[in-house]
Amino acid sequence: STALKEARNQGLYIVEGPGDVAALHNIGVTNVAAICGTAFTADHLQLLKMLGIRKVYFALDWDEAGSKAIHRILKEELRFAPGVSCYVVEQPSSGEPDPGDFVLGMINDPDCKEPVDAGPSFHGLTKTPAFDWVISRISETMAPEDLCEQMIPIIASEEAAVRRELFIAAIA
């Protein structure tokens, strides 16, 4: 299918619900799948890897539950799928709570005089590598063993030895 081919080439966006998928499909973003909540597991990662998808962009709702789910996935599930690079799609500055609302806000913007091509705007949202996303949320007072527990799965999942070495140097 076209969506699978696009996901293999460009990566796969993971969103929470079918409404987000529908909104993104409406603007031409077809490399997207919904997990219907926040229950994303190592089995999902293994399946994506088996399908040849090596980049995953987590665009879960930009709220506390979505953030906690991403943190859990990166800490607990990522270790089971080495070679899959994960990124977190950051909330847009306009403040919408989820990808579907971001798209609908762009399409329905009353100040916009011409039709908006929201696809490039969605693709243009900041995608923070998993390592950077997690490290930016870690307290400087965290015990070294706790830091290692959180970061080792992310480091181990990185395919490139050079990047693994850079990650290790960063947490040192």
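Trainee: Which residue in β3 is the bridge partner of Tyr13?
Mentor: Start with the general idea. Strands of a sheet pair through backbone hydrogen bonds, either parallel or antiparallel. In this predicted model, Tyr13 has Tyr57 of β3 as its bridge partner.

Trainee: How many bridges join β1 to β3?
Mentor: There are 3, and the two strands run parallel.

Trainee: What is the strand order in the open sheet?
Mentor: Read across the 5 strands: β2-β1-β3-β4-β5. The pairing is mixed. At the edges sit β2 (32-34) and β5 (127-129), each paired on one side only. On average, neighbouring strands are turned by 30° against each other, direction ignored.

Trainee: Which strands does helix α2 touch?
Mentor: α2, residues 18-26, packs on the sheet and touches β1 and β2. The helix direction makes about 160° with that of β2.

Trainee: Now the interior. Which residues touch the most other members of the largest nonpolar core?
Mentor: That core has 31 residues. The ones with the most such neighbours are Ile14, Phe40, Phe58, Leu74, Cys86, Met151 and Ile154. Several elements give two or more residues to this core, including β1 (12-15), β3 (55-58), β4 (85-89), α4 (64-77) and α8 (144-157). Apart from it lies another core, of 18 residues; among them are Val15, Ala23, Val32 and Ala59.

Trainee: Take Ile14. What is Ile14 in contact with, leaving aside neighbours within four places in sequence?
Mentor: The list runs Ala33, Ile35, Phe40, Leu48, Val56, Tyr57, Phe58, Ala59 and Leu60. Phe40 and Phe58 also appear with Ile14 among the residues that touch the most other members of the largest core.

Conventions. Residues numbered from 1 in each chain as written. Predicted model: local features only at pLDDT ≥ 70, side-chain atom pairs only at ≥ 80, totals over all residues. Heavy atoms only, no water. Core = buried A, V, L, I, M, F, W, Y, C linked by side-chain atoms within 4.5 Å. Buried < 20%, exposed > 50% of the residue type's maximum accessible area, 1.4 Å probe, protein only. Helix = DSSP H or I, 4+ residues; strand = E, 2+ residues; numbered from the N terminus. Contact = heavy atoms within 4.5 Å. Pairing = 2+ DSSP bridges. Axes fitted to C-alpha atoms, helices over the stretch in contact; angles between N-to-C directions.
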